Amino acid sequence: MEDWIKFGVIAAILVSLCDLLRKHIVKSVDPVIIVLLPLCVAGLLSLLILTGNKYKQGIGKLSQVQYCVLLAIGLMVPVGHYFITKSIQGVHNPGYAKVIISLNILISLFASLFLFSESMINKFTILGTILVMSGTYLIATKA
């Protein structure tokens, strides 16, 4: 199995575990706290790692555009997590909310065609897209 697939499976398991834990506490804890407290922990851990000698030089080599892109990502992360939490809060099964949220895959797929010259799709990609959209429609409308 290729490394990117292994990493993807591990990421899927971790994201799923976080979603299940989030659903477990979202009835009794304010969504803002659910979003910001873990991000504070992640931020502190990130600062510890980034202040190590291995990454100091890399940070100094970033261009102004790269800093702006990273800043934009940093601003989008808590907003995205807030909307994920609110979506999970409003449904009986967090998997249903995540099906809708996972449409980001299709957005990324098609946006990549316009943004990155090396991106390509084939007939299987189109078929998979149709299946994903059909499945998402069925889950969302029959929930």
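Helices here are DSSP runs of H or I, at least four residues long, numbered from the N terminus. With that in hand, keep in mind that this is a predicted model. The protein chain averages a pLDDT of 92, and 99% of the residues score at least 70. Confidence is lowest in helix α3 (residues 53-60), with a mean of 82, and highest in helix α4 (residues 64-89), at 95.

Let's start with the charged side chains. The structure holds 2 salt bridges, and Asp 19 is a good place to pick up the thread. Its side chain meets that of Arg 22 in a salt bridge, at 3.8 Å from N to O. Asp 19 and Arg 22 sit 3 residues apart in helix α1, which is about one turn of the helix.

Asp 19 also pairs with Lys 98, this time at 3.0 Å, N to O. That second pair ties together distant parts of the chain: Asp 19 is in helix α1 and Lys 98 in helix α5 (residues 94-101), 79 residues apart. Put together, Asp 19, Arg 22 and Lys 98 are linked in a network of salt bridges.

So is this network buried or exposed? Asp 19 has a relative accessible area of 5%, so it counts as buried, given that the cut-off for buried is under 20%. Lys 98 comes in at 17% relative accessibility, so Lys 98 is buried as well. Arg 22 is also buried.

Arg 22 turns up again at the largest pocket, which has a volume of about 510 Å³. Of the 19 residues lining this pocket, the closest to its centre are Cys 18, Arg 22, Ile 34, Pro 38 and His 81. The elements giving two or more residues to the lining are α1 (3-25), α2 (31-50) and α4. Helix α1 has the largest share, with 8 residues.

Now for the surface. Phe 110, Leu 113, Phe 114, Leu 115, Phe 116, Ile 121, Ile 126 and Ile 130 form a nonpolar patch there, with about 790 Å² of accessible area together. Helices α6 (104-115) and α7 (123-141) each supply at least two of the patch residues, and the largest share, 4 residues, comes from α6.

Two members show how the patch is put together. Phe 110 is found in helix α6, while Ile 121 is in the loop between α6 and α7. They are 11 residues apart along the chain, and their C-alpha atoms are separated by 8.9 Å. Phe 110 has a relative accessible area of 31%, so it is partly exposed; Ile 121, at 33%, counts as partly exposed too.

Notes: Residues numbered from 1 in each chain as written. Predicted model: local features only at pLDDT ≥ 70, side-chain atom pairs only at ≥ 80, totals over all residues. Heavy atoms only, no water. Patch = residues over 30% accessible without salt bridge, like charges linked within 9 Å, V, L, I, M, F, W, Y side chains within 5 Å. Areas by Shrake-Rupley, 256 points an atom, 1.4 Å probe, with all protein chains shown as cover. Salt bridge = Lys/Arg side-chain N within 4 Å of Asp/Glu carboxyl O. Buried < 20%, exposed > 50% of the residue type's maximum accessible area, 1.4 Å probe, protein only. pLDDT = per-residue confidence, 0-100. 1 Å grid on protein atoms, 1.4 Å probe; cavity = no way out; pocket = protein on both sides within 12 Å on 5 of 7 lines; lining within 4 Å. Points joined across faces, edges and corners; volume = space filled by probe spheres on them.
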